[in-house]
Structures are given as C-alpha cells and as structure tokens.
Amino acid sequence: MKVLVTGANGMLGQDLCPILEDADFIDEIVETDIENLDITNELQVKKFIKGESPDIVIHCAAYTNVDKAEDEKELSRKINVIGTENVAKACKSTNAVMVLISTDYVFDGEKKDKYQPNDEPNPINVYGKTKFEAEKAVQKICDKYYIVRTSWLYGHHGKNFVETMINLANDNKEIKVTDIQIGCPTWTVDLSEALCELIEEEAEYGIYHICGSGETSWYNFAKEIFKLTNINAKLLPCGDEGYKTKAKRPKYSVMENNGVCDNWKKSLKSYLALRID
C-alpha cells in the first residue's frame with residue numbers, strides 16, 4: 001500500500017509519517033508539504049497525485065490559526081476549502097481513498113452531551129466554517145473517504161498549549177486560563193496510531209471522531225500540566241470574559257470517540273516523559 005501525506009512537515013505530519021513507515025501493511029510513504037506540493041494549485045495537485053498514484057491520501061495540510069483566520073478569511077478558505085477540493089478531485093480521479101483531518105470546531109458547543117459523528121455541525125468561527133466546508137467538499141466529490149475530527153491537538157513538533165503553558169510558567173507570569181471551555185486534549189501520537197489502525201482495518205467509509213478520552217477545561221488541562229512537571233505556576237481560572245480571543249470558541253466540544261484513544265491524562269504523561277527540555 002502506498003500512502004501520500006499532505007502537510008507532512010506540520011505538527012501532526014511529523015509524528016504521523018514515522019508511525020506509518022513502521023506499519024507492516026504500508027510499502028511506501030510520500031511526504032509532501034508546501035515546498036513540493038501547493039494544495040491551492042489545482043493543476044499541480046492533479047499532476048502530482050496522478051504521478052504518484054497513491055492508494056490513500058491523508059490530508060493534514062490546513063490553515064489552523066483560529067484567531068488569525070478571523071482577519072484572513074480568504075486565505076483560510078483558500079487553503080482549507082479550495083485546497084481540500086483540489087486534493088479530493090485528484091483522489092477521485094485516481095481512485096485513491098481520501099482521509100481528511102477535521103476538527104471539533106465544526107460544532108457550536110451548545111450541546112450538553114458528547115458530539116456524535118452524525119451530529120449536525122454549526123461552526124461559530126471562520127476556521128470551523130472552512131473546515132466544515134472542507135468536509136462537505138470531500139463528501140460531495142469522493143466516494144471513498146474518511147473524515148476524522150480531532151480536538152485540542154498537541155505534539156512535540158509544533159506550537160501547542162502544553163509548551164505555551166510551560167513557557168509562561170518559566171517566565172514567572174500570572175497565568176489566566178478559561179475554565180468555561182470544555183473539550184478533549186489529543187496527543188498527535190495517539191491520533192497517528194488511530195489513523196493507522198483505521199486504514200489497516202479498512203473501516204467503513206464515513207465520519208469518525210478520534211480524540212483523547214475523557215474531558216477537561218483548558219484551566220484543568222493547564223493544572224495537570226503543571227502537576228506532572230512539578231511547576232509551581234501562578235495559575236488562575238477565569239471565564240471567557242477574562243480570556244478574550246479574536247475568534248469565538250465552542251464552550252463544550254467533547255466528542256464521542258468510543259475509547260479509541262487513551263485517557264487524556266495518561267497521554268499527557270506520556271508526552272511529557274518524552275519531552276526534550
């Protein structure tokens with residue numbers, strides 16, 4: 001089996017590619033990023049994917065700056081929607097299975113129970129809207145696809161909440177973190193291993209939720225980070241009024257993942273054990 005990965009140099013891609021390479025059922029990995037594949041260029045995408053002829057394309061490339069997307073609406077849409085459409089069309093024409101990495105931010109956060117894969121999205125920020133458009137494009141264009149929604153992603157190869165909290169604590173600053181927003185922290189390694197399993201098992205095509213098990217607030221996530229790193233931080237909980245961001249976030253975006261990933265606390269502990277100071 002041959003797998004092509006877009007956004008291979010991103011935080012998820014840098015953990016995903018080595019895990020795919022170690023999988024016995026995969027023969028070849030084609031790693032792409034902006035340097036060798038501009039997903040917003042339809043002709044280039046079509047030619048590149050046709051030339052490589054992969055069995056599966058895992059589409060990780062995306063515009064992910066949630067707050068900046070509010071000001072860069074067109075760029076966000078160009079990358080997340082047009083780029084995804086281009087990859088989907090190329091997959092369709094080459095009969096490749098497409099795997100789209102999506103987000104919990106396609107939901108508005110008003111539900112009181114865990115979001116199910118078949119729940120109707122209603123995004124409340126530009127980033128979430130573009131990712132929902134991307135989902136719809138894949139469903140419309142492709143016959144063979146997996147849409148994988150994940151949440152609160154962190155990994156060793158990119159800027160993330162865990163490292164931000166540790167850096168702020170090292171600066172000896174008072175840290176205010178919202179205790180209103182509830183979600184599921186997800187380690188890139190857990191997501192990568194689950195993606196690998198999804199492909200190997202040739203699961204039924206459709207929408208899947210792959211995220212850390214359990215739920216927590218950003219405040220309690222930060223609290224657990226400091227507990228496990230023995231950092232005595234000046235951490236204060238605050239509602240949304242004390243934690244202003246450009247983009248609105250869903251207050252409750254916990255997704256049902258049927259226990260696919262470890263409990264978020266266990267994964268955080270594993271992440272920190274591997275962390276290089």
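These legends cover three close-up views of a predicted model. Local features need pLDDT of at least 70 and side-chain atom pairs pLDDT 80 or more, while totals for chains, interfaces and linings use all residues. Residues are numbered from 1 along each chain as its sequence is written, and side-chain values use heavy atoms, without hydrogens and water.

**View 1. The largest pocket.** Its volume is about 1,600 Å³. A pocket is an open set of points on a 1 Å grid over the protein atoms alone, with protein on both sides within 12 Å along at least five of seven lines. Lining residues have an atom within 4 Å of a point. Volume is the space filled by probe spheres set on the points, which are joined across faces, edges and corners. The lining counts 50 residues; Met-11, Thr-64, Asn-65, Val-66 and Lys-159 lie nearest the centre. H5 gives the largest share, four residues.

**View 2. The largest cavity.** A cavity is a set of grid points where a 1.4 Å probe fits but cannot get out. There is one of 30 Å³ or more. The largest holds about 30 Å³ of space. Its lining includes Lys-114, Cys-184, Glu-256 and Asn-257.

**View 3. Thr-6 and its surroundings.** Thr-6 is buried (under 20% relative accessible area, 1.4 Å probe, protein chains only), at 1%. Its side chain makes a polar contact of 2.8 Å with that of His-59. Such a contact pairs N or O atoms within 3.5 Å; within protein, one must be able to donate a hydrogen and the other to accept it, and residues adjacent in sequence count only if both atoms are side-chain atoms.

Methods
Helices (H or I, at least four residues) and strands (E, at least two) are DSSP runs, numbered from the N terminus. Buried means under 20% relative accessible area, exposed over 50%, partly exposed in between (1.4 Å probe, protein chains only).
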